[in-house]
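Please examine the sequence and the structure shown here before reading the exchange below.

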Amino acid sequence: MQLVVYLLFYPILWVFSRLPFRLIHFISNGVFYILYNVIGYRKKVVYTNLKLVFPDKTEKELVQIQRKFYRHLCDMFLEMAKTMGMSKKEVMERYKLPNIELLQELTKTKTVLVVCSHYANWEWNTSINNYIDAKGYGVYQRIANPYFDKLTRRVRDRWDTSLITQQETIKTVISNEKNKTISVYGMVSDQSPMVKKGQYWSEFMGIKVPIFKGAEQLARKLNLAVIFLKVSKIKRGYYNAELIPITQNGSETKENEITERFLRLAEQQIYEAPEYYLWTHRRWKHRDKVPTEYQNKET
């Protein structure tokens, strides 16, 4: 059945990947109408999330953000399909890195963790590897369908990015450090862990939630550099990504310092243009399960 699903959808993805962006975005307008006005995909989840983190905004303001978000969501997923047919030159024209020199300089001597959130078009973040000489990795969650998983890996390989699962990350990083292989690891670090796996709780957009600390733990243990990737959507199909240093020497930071810095930078990005954050996921679903030791703790 998984192969059947792949064979049914792959030709559609292939066709989309060959369409010009102008047509991609025209189709996106139609998809938005169906998704938002007909199907109503996760509209309740999105509105609940927005109301939770923006308690001072009016209903009209929340609905405006919600509509803009769905328009962007449709653009983003069709742009992801388009990725299959994009050359390095095309993605470099549409995904700019104005201060890439920061990463180029760091990777002369240090391995770097590039952390980001589910914001703008995180699919194109892996194109950073087009600008650097260091080995590039993207940490991802394995796709249940093995055929689509293989396709995803093949697409990233075109941009010199090797995908590794969360389970493979620690082993890969340690092995590369032992072999003195300078690398860059891209990590989307705003996922919501299960309560029992929550290593740390802190406020995110004003709500206390469990937080993953994987990037911080690696950085502090192996003295890695950490950079936050702040992506801005300039217009449809065009993005700017600013590299913001968190630390050059992870072992010199205090406990939770890297994690807190990431959270504040991610918040700032969302407050500036909230419509580009992934509001469909249940980031704050564990807010009523805060452990006793964190309930009144200042972060």
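The following questions and answers concern a surface patch, a loop residue and a strand pair.

Student: On what basis were the values obtained?
Tutor: This is a predicted model, in which local features need pLDDT of at least 70, side-chain atom pairs count only at pLDDT 80 or more, and totals for chains, interfaces and linings use all residues. Residues are numbered from 1 along each chain as its sequence is written, and side-chain values use heavy atoms, with hydrogens and water left out.

Student: Is Gln-141 buried or exposed?
Tutor: Gln-141 is found in the loop between β3 (135-140) and α7 (146-157); helices (H or I, at least four residues) and strands (E, at least two) are DSSP runs, numbered from the N terminus. Buried means under 20% relative accessible area, exposed over 50%, and partly exposed in between, with a 1.4 Å probe and protein chains only. Because its relative accessible area is 55%, Gln-141 is exposed.

Student: How far apart in space are Gln-141 and Thr-165?
Tutor: In sequence, 24 residues separate Gln-141 from Thr-165. From C-alpha to C-alpha, their separation in space is 5.6 Å.

Student: Is Met-1 buried or exposed?
Tutor: Met-1 lies in the segment before α1 (2-17). Its relative accessibility is 77%, so Met-1 counts as exposed.

Student: Which residue in β7 is the bridge partner of Tyr-200?
Tutor: Strand β6 (residues 200-204) has 4 of its 5 residues buried. The strands β6 and β7 (residues 207-211) run antiparallel and are joined by 5 bridges; two strands pair if DSSP finds at least two bridges between them. In β7, the partner of Tyr-200 is Ile-211.
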